[in-house]
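Work through the two exercises below on helix packing. Each has a task and a stepwise solution.

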Amino acid sequence: MSLTLPPLPYALDALEPHISRRTLAAHHGYHHAAYVDRTRALVRGTPLESASLEEIVRASAEPRQKALFNAAAQAWNHAFYWRSMRPGGGGDPRGEVARLIGERFGSQRAFSQEFVSAASDQFGSGWAWLVLDGDRLQIISTSNAETPLITSQVPLLTIDVWEHAYYLDFQQRRLDYIAAYLAHLVDWDFANQNLSLAQRSQARIPLHQESAIAVQIR
Ligand code: FE2
């Protein structure tokens, strides 16, 4: 199956006024699309041509395949990022994620402070993530295209902190973009879906899926 750009899970203007139509159009239609196009071109005629995007990311995570990994991981990270947000999102977490945040960080406020630090302190381009690491939550950041998908950690949420994610709307004010993400955009239901799948996978309950992550992109 040939890789295709997955559609945004909402309209281009659905995240306004926090993330503008102009930003989403460029970010999804140009940057994300370019990563998908490059991945498709690099796997053409290779054994990975019919693999899923997730399989390509995992298979290319070694130094000799840096170009393919960078393109494929960025394609996967972006699809996961779109799903990490929703119109009318943000605010306090719900469900099992809320319970684990309380257990790990002590409070929603402490979680938010650590998440903001991870996302704002990431030097240059990259991502901040909420992940499940064993049976506890962690906040991590990754550089450039790096992704927890190739580790034992299970991604639950992410925020893109490459400048192209926020510069048109916030200029250099990355902190304001991160604050808007937490207050108005983050989709806790998506985090709970990923958490539930990961916990079922750890308990060896058949998922009838290839992955313990809710977002599946071919
Ligand atoms: Fe991006």
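**Exercise 1: H1 and H3**

The crossing of helices H1 and H3 is left-handed. The model is predicted.

Task: Classify the packing of H1 against H3 by angle, and describe the residues of the contact.

Solution.

Step 1. Take the geometry: the axes of H1 (residues 21-43) and H3 (residues 66-83) come within 8 Å and cross at roughly 140 degrees.

Step 2. Apply the cut-offs: angles over 145 degrees count as roughly antiparallel, and 65 to 115 as roughly perpendicular. The crossing angle therefore makes H1 oblique to H3.

Step 3. List the contact. H1 contributes Leu24, His27, His28, His32, Tyr35, Val36, Arg38, Thr39, Leu42 and Val43. From H3 come Ala67, Leu68, Ala71, Ala72, Gln74, Ala75, His78, Ala79, Tyr81 and Trp82.

Step 4. Sort by class: the contact of H1 with H3 has 13 nonpolar, six polar and one charged residues.

**Exercise 2: H5 and H7**

Task: State how H5 lies relative to H7, give the handedness of the crossing, and sort the contact residues by class.

Solution.

Step 1. Helix H5 (residues 108-121) packs with helix H7 (residues 174-185) at about 140 degrees, and their axes are 10 Å apart.

Step 2. That angle makes H5 oblique to H7.

Step 3. The handedness of this crossing is right-handed.

Step 4. On the H5 side, the contact is made by Phe111, Ser112, Phe115, Val116, Ala119 and Ser120. On the H7 side, Arg174, Leu175, Ile178, Tyr181 and Leu182 take part.

Step 5. Divided by class, the residues of the contact of H5 with H7 are eight nonpolar, two polar and one charged.

Note on methods:
Residues are numbered from 1 along each chain as its sequence is written. This is a predicted model: local features need pLDDT of at least 70, side-chain atom pairs count only at pLDDT 80 or more; totals for chains, interfaces and linings use all residues. Side-chain values use heavy atoms; hydrogens and water are left out. Axes are lines fitted to C-alpha atoms, for helices over the stretch in contact, and angles run from 0 to 180 degrees between N-to-C directions. Helices (H or I, at least four residues) and strands (E, at least two) are DSSP runs, numbered from the N terminus. Angles under 35 degrees count as roughly parallel, over 145 as roughly antiparallel, 65 to 115 as roughly perpendicular and the rest as oblique. A crossing is left-handed if the near helix is turned anticlockwise from the far one by less than a right angle, and right-handed if clockwise. Contact means heavy atoms within 4.5 Å. Ala, Val, Leu, Ile, Met, Phe, Trp, Tyr, Cys and Pro count as nonpolar, Asp, Glu, Lys and Arg as charged, and the others, Gly among them, as polar.
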